[in-house]
Amino acid sequence: MTLRYVLLGDPVDHSISPALHRAAFEAWELDADYAAWSVVSDEVEKAMRHPDLAGGNVTLPHKLRAAAALTRPSGAVRATGACNCWWRLADGDLAGDNTDVGGLGFALERLGFDPRGARVLLLGAGGAARGAVHALLEGGASSVEVLNRTAARAQALRAAVGGEALRVVETPDPGAAYDLVLNATSLGLSASDPLPFALDRGRFALACDLVYSAGETPWVHHARSLGIRARDGLDMLVGQAALSLKCWFPGRAPPVEAMRAAAVEALDTRAR
Ligand code: NDP
């Protein structure tokens, strides 16, 4: 019987997650499939409990909703209040994890960036930002400053994730230098979006965009044009997908390079 996994989100058309997971199933020669389902908030839990599904992933804007539906949340879900990966246990319970946390760790490691002692500016306060804050604080960042359009949402993030090193700011400290600036807003998903934040030369050592696209994202292009080292969200996407596979199929090594190649191909196809 084919094992079925899905991505739940709204919208999901832009997602290349099906391509990554199908590449992994093919490399493993596993009878499994991965589809994308567009669902509204009120249908998230019902979809997670769908009898045909073994598990899946959750993307914007449903990660908090998915966390609330779990009967067995992981430590990362409890710490962030956000879930991007779930699976059904033999007794029917829903287990879930936040693999965005480890996915960001995977991406930063590939960049050779060690968060220990780092000063970080984080743009955004949604589900992805919660995972990023947790990953950075667990990794030993000395300070994470959260800047979000809606201040109340940034305060809610602070209340949920906590920690003395976490501050909500309305504007970055003008004199400060940051080791990392991270875009965890959804700005950049659409070509007509404004930049999430205008950088200036010399104050930011590394810029990471969680958004990904074929070629450079506009914000990565902006950063590089100023001589700032920058990377888009593709490594994180591959990392969180690989960690999701480890949750669903413990003991198997995800074929990371095949997944990355499938992701690049899917992005190129989408751009054409
Ligand atoms: P959410 O919907 O939970 O949060 C969206 C965030 O973007 C909020 O902080 C929101 O601010 C901000 N935002 C949206 N529109 C605007 C705007 N016009 N101006 C300023 N800020 C805006 O989404 P997620 O946190 O789940 O995802 C955020 C991004 O991260 C998405 O692009 C997603 O694709 C990407 N992502 C990438 C991953 C990867 O593996 N590379 C993994 C997870 C996410 P406000 O609170 O004011 O509404």
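In the predicted model, Pro11 is found in the loop that runs between strand S1 (3-9) and helix H1, and the peptide bond that joins Asp10 to Pro11 is cis, with omega at about 10°. A second cis bond leads from Leu60 to Pro61, where omega is near 5°; Pro61 is found in the loop between S3 and H3. Backbone geometry is also notable at Glu29, a residue other than glycine whose phi is positive, near 55°. Most residues other than glycine have a negative phi, and most peptide bonds are trans. Glu29 belongs to the loop between H1 and strand S2 (32-38), and because its relative accessibility is 75%, Glu29 counts as exposed.

Aromatic contacts were examined next. A pair of aromatic rings is described by the distance of the centres and the angle of the planes. The structure holds eight aromatic pairs. In one of them, Phe25 and Phe249 meet edge-to-face, with 6.1 Å from centre to centre and 75° between the planes. Phe25 is part of helix H1 (residues 17-28), whereas Phe249 sits in the loop between helix H9 (234-248) and helix H10 (256-271), so this pair ties together parts that lie 224 residues apart in sequence. Both Phe25 and Phe249 are buried. Another pair, formed by Tyr178 and Phe204, is stacked, with the centres 5.4 Å apart and 10° between the planes. Here Tyr178 comes from the loop between strand S9 (166-168) and strand S10 (180-183), and Phe204 from the loop between S10 and strand S11 (206-209), so the contact ties together parts that are 26 residues apart in sequence. Tyr178 and Phe204 are likewise buried.

Ring pairs also link Tyr5, Phe25, Trp28, Tyr34, Trp248 and Phe249 into a cluster. One member of this cluster, Trp28, has a charged side chain over its ring, in that Arg252 lies over the face of Trp28 at 5.0 Å from the ring centre.

Open and enclosed spaces were then considered. Rolling a probe the size of a water molecule over the atoms shows where empty space is left. The largest pocket has a volume of about 1000 Å³, and its lining is made up of 39 residues, of which Leu60, Ala128, Ala184, Thr185 and Ser186 lie nearest the centre. Leu60 is thus both one of these residues and a partner in the cis peptide bond to Pro61. Strand S3 (55-58), helix H3 (63-69), helix H6 (127-138) and H9 each supply at least two residues of this lining, with H9 giving the most, namely three residues. When the lining of the largest pocket is sorted by class, 19 residues are nonpolar, 16 are polar and four are charged. At least three lining residues of the largest pocket are drawn from each of domain 1 (3-99 + 241-271) and domain 2 (101-234).

The second largest pocket has a volume of about 160 Å³. Its lining consists of His14, Gly188, Leu189, Ser190, Ala191, Val211, Tyr212, Ser213, Glu216, Pro218 and Arg270, a set that divides into five nonpolar, four polar and two charged residues.

Turning to enclosed space, the structure holds one cavity of 30 Å³ or more, and the volume of the largest cavity is about 50 Å³. This cavity is lined by Leu104, Ala107, Leu111, Cys208, Asp209, Leu210, Arg231, Asp232, Gly233, Asp235 and Met236. Two or more residues of the lining of the largest cavity are given by each of helix H5 (99-110), S11 and H9. By class, the lining of the largest cavity comprises six nonpolar residues, one polar residue and four charged residues. Helix H9 accordingly appears among the contributors to the lining of the largest cavity as well as to that of the largest pocket.

Finally, Ala79 was placed in helix H4 (residues 75-80), where its relative accessible area of 22% makes it partly exposed. Ala79 and Gly112 are separated by 33 residues in sequence and, from C-alpha to C-alpha, by 26 Å in space.

Notes
Residues numbered from 1 in each chain as written. Predicted model: local features only at pLDDT ≥ 70, side-chain atom pairs only at ≥ 80, totals over all residues. Heavy atoms only, no water. Phe/Tyr/Trp six-rings, centres within 6.5 Å; stacked < 30°, edge-to-face > 60°. Helix = DSSP H or I, 4+ residues; strand = E, 2+ residues; numbered from the N terminus. Buried < 20%, exposed > 50% of the residue type's maximum accessible area, 1.4 Å probe, protein only. Lys NZ or Arg CZ within 6 Å of the ring centre and 35° of its normal. 1 Å grid on protein atoms, 1.4 Å probe; cavity = no way out; pocket = protein on both sides within 12 Å on 5 of 7 lines; lining within 4 Å. Points joined across faces, edges and corners; volume = space filled by probe spheres on them. Nonpolar A, V, L, I, M, F, W, Y, C, P; charged D, E, K, R; others polar. Domains from an automatic or database assignment.
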